[in-house]
Amino acid sequence: MIVTIDGVAASGKSSVASGVARALGVPYVSSGLLYRAATLLGQEAGLDLTDAAELLLHLRSRPLRLEPLAGGNRVWQGDRDLTPDLHASGVDSGVSVVAAHPDVRAWVDGQLRALTAPFVAEGRDMGTNVFPEAPAKFYLTASPRVRAERRARERPEDVEAIEAALSRRDALDMAQSAPAPDAQIIDTGPLTLDGVIGVILAALPARDPSASK
Ligand SMILES: Nc1ncnc2c1ncn2[C@@H]1O[C@H](COP(=O)(O)OP(=O)(O)O)[C@@H](O)[C@H]1O
Ligand SMILES: Nc1ccn([C@H]2C[C@H](O)[C@@H](COP(=O)(O)OP(=O)(O)O)O2)c(=O)n1
């Protein structure tokens, strides 16, 4: 079975996906890390991030590998682990430009669709575009202030600056961030992390662990 968890920035997608995946005993797949890795590598190479053709040429010259583990995903380029650099503020501010390119989206989607189910996939368009056939879809929301307060516990910037950056990214990512019509929308604001995970586990269809989708 594939479970999709989409939602706005810092709504809890990766923490919730990790918890759901652990409970199910399957990996989770963090699609945003591939967009972040593309951004990091483009920035490190001094590329113009608005030039998708140049960026894709660069990405294809040394392929990336997403390692989808239940406890946390990692992205590798050869034997370099890119993961620790993927949540830098510089990547945050460049990633929406990279994620807006249709050819970059096709490059990410191809890597995701090549993965073997079962897994929990999180991002923006997992339930709408990448895995529309998934039998269980969720969409996480929370107010910009709640999300900024959560992120402020992980990063050195102040809440106001984080909230402004999140709202800016929400607007830039809007095109690919609509909930699937068959997704259950969960406002995570009033819930704990375990509370959100519990809502999702309770809503899952009865599952056959040997099923592939
Ligand atoms: N319901 C919740 N209540 C409190 N904190 C939460 C909740 N959901 C997520 N968090 C915290 O918010 C932060 C952002 O979550 P994260 O999973 O990184 O979001 P996303 O993947 O959507 O960017 C993490 O520190 C996480 O532990
Ligand atoms: N399926 C996806 C996943 C992420 N993206 C884009 C949108 C986001 O700004 C970036 C980073 O996504 P990520 O989920 O890692 O970021 P947040 O934790 O939500 O801040 O990538 C996307 O367009 N489609």
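In this predicted model, the largest nonpolar core has 27 residues. Val 16, Val 20, Val 120 and Ala 121 make the most contacts inside this core. Seven elements are named as supplying at least two core residues each: β1 (2–7), α1 (13–24), β2 (28–30), β6 (119–123), α6 (126–130), β7 (136–141) and α9 (193–203). The largest share, five residues, comes from α1. A second, separate core of 19 residues includes Leu 33, Leu 34, Ala 37 and Val 104.

Val 20 illustrates the packing of the largest core. Beyond its neighbours up to four places away in sequence, Val 20 touches Val 3, Val 120, Ile 197, Ile 200 and Leu 201. Of these partners, Val 3 falls in β1, Val 120 in β6, and Ile 197, Ile 200 and Leu 201 in α9.

The UniProt annotation "domain: Cytidylate kinase", from an unreviewed entry, covers residues 3–203. The end C-alpha atoms of this span lie 11 Å apart. Helix accounts for 48% of the span and strand for 16%. The unreviewed UniProt entry also places a "binding site" feature at Gly 7, Val 8, Ala 9, Ala 10, Ser 11, Gly 12, Lys 13, Ser 14 and Ser 15.

Two residues of the annotated site, Ala 9 and Gly 12, were examined further. Ala 9 is found in the loop between β1 and α1. Gly 12 lies in the loop between β1 and α1 as well. Ala 9 has 24 other C-beta atoms within 10 Å and is therefore buried. Gly 12 has 25 such atoms within 10 Å, so Gly 12 is also buried. The cut-off for a buried residue is 20 or more. Their contacts were listed without neighbours up to four places away in sequence. Ala 9 is in contact with Arg 147, Leu 166, Arg 169 and Asp 170. Gly 12 touches Leu 140, Thr 188, Leu 193 and Val 196.

Gly 12 recurs at ligand 1. This ligand is surrounded by 15 residues, and the closest are Gly 12, Lys 13, Ser 14, Ser 15 and Arg 150. Two elements, α1 and α9, give two or more residues to the shell. The largest share, three residues, comes from α1. By class, the shell around ligand 1 has five nonpolar, seven polar and three charged residues. Thus α1 supplies the largest share of the ligand 1 shell and the largest share of the 27-residue core.

Ala 9 recurs at ligand 2. Of the 17 residues around this ligand, Ala 9, Gly 32, Tyr 35, Ala 99 and Gly 123 come nearest. The elements giving two or more residues to the shell are α2 (32–44) and α4 (89–99). The largest share, four residues, comes from α2. The shell around ligand 2 is made up of six nonpolar, five polar and six charged residues.

Helix α2 was then considered on its own. It has 13 residues and reaches 18 Å from its first C-alpha to its last. This is close to the 18 Å expected at 1.5 Å a residue. The helix is mostly covered, with eleven of its 13 residues buried. The buried set consists of Gly 32, Leu 33, Leu 34, Tyr 35, Arg 36, Ala 37, Ala 38, Thr 39, Leu 40, Leu 41 and Gly 42. Among them, Gly 32 and Tyr 35 are in the nearest group at ligand 2, whereas Leu 33, Leu 34 and Ala 37 belong to the second core. Just after α2, Gly 46 takes a positive phi of about 70°.

Key
Residues are numbered from 1 along each chain as its sequence is written. Chains are lettered from A and ligands numbered from 1 in the order in which they are written. This is a predicted model: local features need pLDDT of at least 70, side-chain atom pairs count only at pLDDT 80 or more; totals for chains, interfaces and linings use all residues. A residue is near a molecule or strand if its C-beta atom, placed from the backbone, lies within 6 Å of it. Ala, Val, Leu, Ile, Met, Phe, Trp, Tyr, Cys and Pro count as nonpolar, Asp, Glu, Lys and Arg as charged, and the others, Gly among them, as polar. A nonpolar core is a set of buried Ala, Val, Leu, Ile, Met, Phe, Trp, Tyr and Cys residues joined through C-beta atoms within 7 Å. A residue is buried if 20 or more other C-beta atoms lie within 10 Å of its own, exposed if 12 or fewer, and partly exposed in between; C-beta atoms are placed from the backbone. Two residues are in contact if their C-beta atoms, placed from the backbone, lie within 7 Å. UniProt positions are given in the numbering used here, feature names are shortened, and annotations may be inferred rather than shown by experiment. The expected span of a helix is 1.5 Å times one less than its number of residues.
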